Amino acid sequence: MIRNGRGAAGGAEQPGPGGRRAVRVWCDGCYDMVHYGHSNQLRQARAMGDYLIVGVHTDEEIAKHKGPPVFTEEERYKMVQAIKWVDEVVPAAPYVTTLETLDKYHCDFCVHGNDITLTVDGRDTYEEVKQAGRYRECKRTQGVSTTDLVGRMLLVTKAHHSSQEMSSEYREYADSFGKCPGGRNPWTGVSQFLQTSQKIIQFASGKEPQPGETVIYVAGAFDLFHIGHVDFLEKVHRLAERPYIIAGLHFDQEVNHYKGKNYPIMNLHERTLSVLACRYVSEVVIGAPYAVTAELLSHFKVDLVCHGKTEIIPDRDGSDPYQEPKRRGIFRQIDSGSNLTTDLIVQRIITNRLEYEARNQKKEAKELAFLEAARRQAAQPLGERDGDF
């Protein structure tokens, strides 16, 4: 078990309001390519109780039931651990959620989104806890899923966002990829996520820097927020006894300028929520200027500016975007110890393209079969129902 935040002191969570026993909540999942949809599920689950335990499945279990994961189990454990609403992570959690698991970790109930999770043989993984009344549901975040992100990356590898004429190979690939029996292709469109001020408020801490805190500024795309970003932010967080980290996120057009025609894969609104969910980040500047200016440093009363070991690309006029913090002697380059980048994630997808295509199609086919079985079951007269499907 990996304990976090509120549950770190002595390995015991704080009692609930009024001194009552703390309500312990269980969530589990693959948490592959952790995104703001996962974070929003965990935020909602945490709000239903006092202490949140998250079980993460192994690579072997995911490969058996869904197909190959993008990230290793160790990477996925660490990504979930970095989400600020998580108190404890349980590695190698079973794929099917049972009462035995809930009892083992003294959890009152489990929480899952209002989407379908099936085993390799098409059964509901939460069937047992649902029947026992120890299941709660939260709203699924519309507009994003791991399958969707994989689809974006697969298409981004050829003519995505390109004005050049597509090759016949690409046209055939784009036309056929991910189509369900009805002919709908869910992967070729842009993100369907709609940002609202309420969503930002739900994710933001709402806390301003306090006297004695060290204000540290970092900036970048933070696209497909991943373990490389987490390792970097964790190292930055350790630089001060009481850090207050502000992350500046560049506009999509700016990221596109310095990263190339295919990026960013996530738009600014999606990237904002992904970074806000990280326990090491206190505040996010949405659409930060590329150059770290004197005005920005003064406005946020920045004590330290940090950048990773990735190349610092000059501004449009050829100047160093970190010129001002360097002049003030408050610039630090931090080695995260991780070599993972957004480019490497995309390369993993490209390398295993056929497997990921098959995974996406298999997932959708299983869900359609489950829904069709449920529809047929509901249409039968009560006396003829099997009570199972």
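Q: Over how many bridges do strand 10 (residues 304–307) and strand 11 pair in the parallel sense?
A: In this predicted model, strands (E, at least two residues) are DSSP runs numbered from the N terminus, and two of them pair if DSSP finds at least two bridges between them. One bridge places C306 opposite its partner R332 in strand 11. The number of bridges over which strand 10 and strand 11 pair is three.

Q: What pLDDT do local features need in this model?
A: Residues are numbered from 1 along each chain as its sequence is written, and side-chain values use heavy atoms, with hydrogens and water left out. As the model is predicted, side-chain atom pairs count only at pLDDT 80 or more, totals for chains, interfaces and linings use all residues, and local features need a pLDDT of at least 70.

Q: Which strands stand at the edges of the open sheet of five strands?
A: The order of this sheet is 9-8-7-10-11, with parallel pairing. Two of its strands have a single partner strand each, so one side of each is left without a neighbour in the sheet. These edge strands are strand 9 (283–286) and strand 11 (331–333).

Q: Which residue of strand 3 stands opposite C27?
A: Strand 2 (residues 24–29) and strand 3 (residues 51–56) run parallel and are joined by six bridges. From strand 2 the chain crosses through helix 1 (residues 36–47) to strand 3 in a right-handed β-α-β crossover; right-handed means that, with the strands pointing away from the viewer, the path from the first strand over the helix to the second runs clockwise. The residue opposite C27 is V54.

Q: Which residue of strand 5 stands opposite W26?
A: Strand 2 also pairs with strand 5 (residues 109–113), in the parallel sense and over two bridges. Opposite W26 in strand 5 stands C110.

Q: How many residues of strand 2 are buried?
A: Buried means under 20% relative accessible area (1.4 Å probe, protein chains only). On one side R24, W26 and D28 are buried, and on the other V25, C27 and G29. The number of buried residues in strand 2 is six of six.

Q: Is H250 buried or exposed?
A: H250 is found in the loop between strand 8 (243–249) and helix 10 (252–259). Not counting residues up to four places away in sequence, its contacts (heavy atoms within 4.5 Å) include A219, Y258, R271 and Y290. Because its relative accessibility is 3%, H250 counts as buried.

Definitions and conventions
Helix = DSSP H or I, 4+ residues; strand = E, 2+ residues; numbered from the N terminus. Buried < 20%, exposed > 50% of the residue type's maximum accessible area, 1.4 Å probe, protein only.
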